[in-house]
Amino acid sequence: MKNLKTIVLSSLIALAMGAFSSVVMAEASEGRISYAPADAIDLMIGELKKAKVAAAEGKSGEEVYKFIKQSMDYGKDVNANDVVDRERSRTNEVIKKARGMAKKNEMTGIDEHLDKAIKQLEDMKKLI
């Protein structure tokens, strides 16, 4: 009887942990919009292209920074698998360099970083 109680109790605990775990309950909250990884990559590319156009038009670093920041925010939804996550991290490093340049209002050379990030993102879409 003592063994039966132990087995039943541990089974109930395991069942309760599985039913209420954060993985089971994981979903987008009401105020959050989540995107599929491929869609998020497309949104990132779109924002980086907007940043590139803004930099070419001679807009302020603050405006270019906003586009780059929005691109990085979309990047949070790119989580297809480990390979894609590693590539996203590498791409984020390039985007961070461009973001830092925009924050300092250094627009010379920012196109190279944005072009490199766009190319890496387009290559990343093939990994999904």
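The following paragraphs describe the fold, the helix packing and selected residues of this protein, as seen in a predicted model.

The protein contains six helices and zero strands, and its elements, read along the sequence, follow the pattern α-α-α-α-α-α. Of its 128 residues, 27% count as buried. Among the contacts between residues at least 6 apart in sequence, 72% join residues that are at least 24 apart. Confidence in the model averages a pLDDT of 87, with 88% of the residues scoring at least 70. It is lowest in helix 2 (residues 22–25), where the mean is 53, and highest in helix 6 (residues 110–125), where the mean is 95.

Helix 3 (residues 37–56) comprises 20 residues, for which a span of 28 Å is expected at 1.5 Å a residue, and the 29 Å that separates its end C-alpha atoms agrees with this expectation. The buried residues in this helix are Pro37, Ala40, Ile41, Met44, Ile45, Glu47, Leu48, Ala51, Ala54 and Ala55, and the elements that cover them include helix 4 (61–74), helix 5 and helix 6. Ala38, which also lies in helix 3, is partly exposed, because its relative accessible area is 31%, a value that falls between the limits of 20% for buried and 50% for exposed residues. In space, the C-alpha atom of Ala38 is 9.7 Å from that of Asn79, although the two residues are 41 residues apart in sequence. Just after helix 3, Gly58 adopts a positive phi of about 85°.

The packing of helix 3 against helix 4 is described by an angle of about 170° and by axes that lie 8 Å apart. Because angles over 145 degrees count as roughly antiparallel, helix 3 is therefore roughly antiparallel to helix 4. On the side of helix 3, the contact is made by Ala40, Leu43, Met44, Glu47, Leu48, Lys50, Ala51, Ala54 and Ala55, while helix 4 contributes Val64, Phe67, Ile68, Gln70, Ser71 and Tyr74. By residue class, this contact divides into 11 nonpolar, two polar and two charged residues. Among the charged residues of the contact is Glu47, which is listed with the buried residues of helix 3.

Helix 5 (residues 82–103) has 22 residues and should span 32 Å at 1.5 Å a residue, and the distance of 30 Å between its end C-alpha atoms agrees with that figure. Its buried residues are Val84, Arg88, Thr91, Asn92, Val94, Ile95, Ala98, Met101 and Ala102, and their cover includes helix 3, helix 4 and helix 6. Asn92, placed within helix 5, counts as buried because its relative accessibility is 11%, which is under the 20% cut-off. When residues up to four places away in sequence are not counted, Asn92 touches Met44 and Met72. Of these two partners, Met44 is itself a buried residue of helix 3 and takes part in the contact of that helix with helix 4.

The loop between helix 5 and helix 6 contains Asn105, whose phi is near 65°, a positive value in a residue other than glycine. Most residues other than glycine have a negative phi.

Definitions and conventions
Residues are numbered from 1 along each chain as its sequence is written. This is a predicted model: local features need pLDDT of at least 70, side-chain atom pairs count only at pLDDT 80 or more; totals for chains, interfaces and linings use all residues. Side-chain values use heavy atoms; hydrogens and water are left out. Helices (H or I, at least four residues) and strands (E, at least two) are DSSP runs, numbered from the N terminus. Buried means under 20% relative accessible area, exposed over 50%, partly exposed in between (1.4 Å probe, protein chains only). Contact means heavy atoms within 4.5 Å. pLDDT is the predictor's confidence in each residue, from 0 to 100. The expected span of a helix is 1.5 Å times one less than its number of residues. Axes are lines fitted to C-alpha atoms, for helices over the stretch in contact, and angles run from 0 to 180 degrees between N-to-C directions. Angles under 35 degrees count as roughly parallel, over 145 as roughly antiparallel, 65 to 115 as roughly perpendicular and the rest as oblique.
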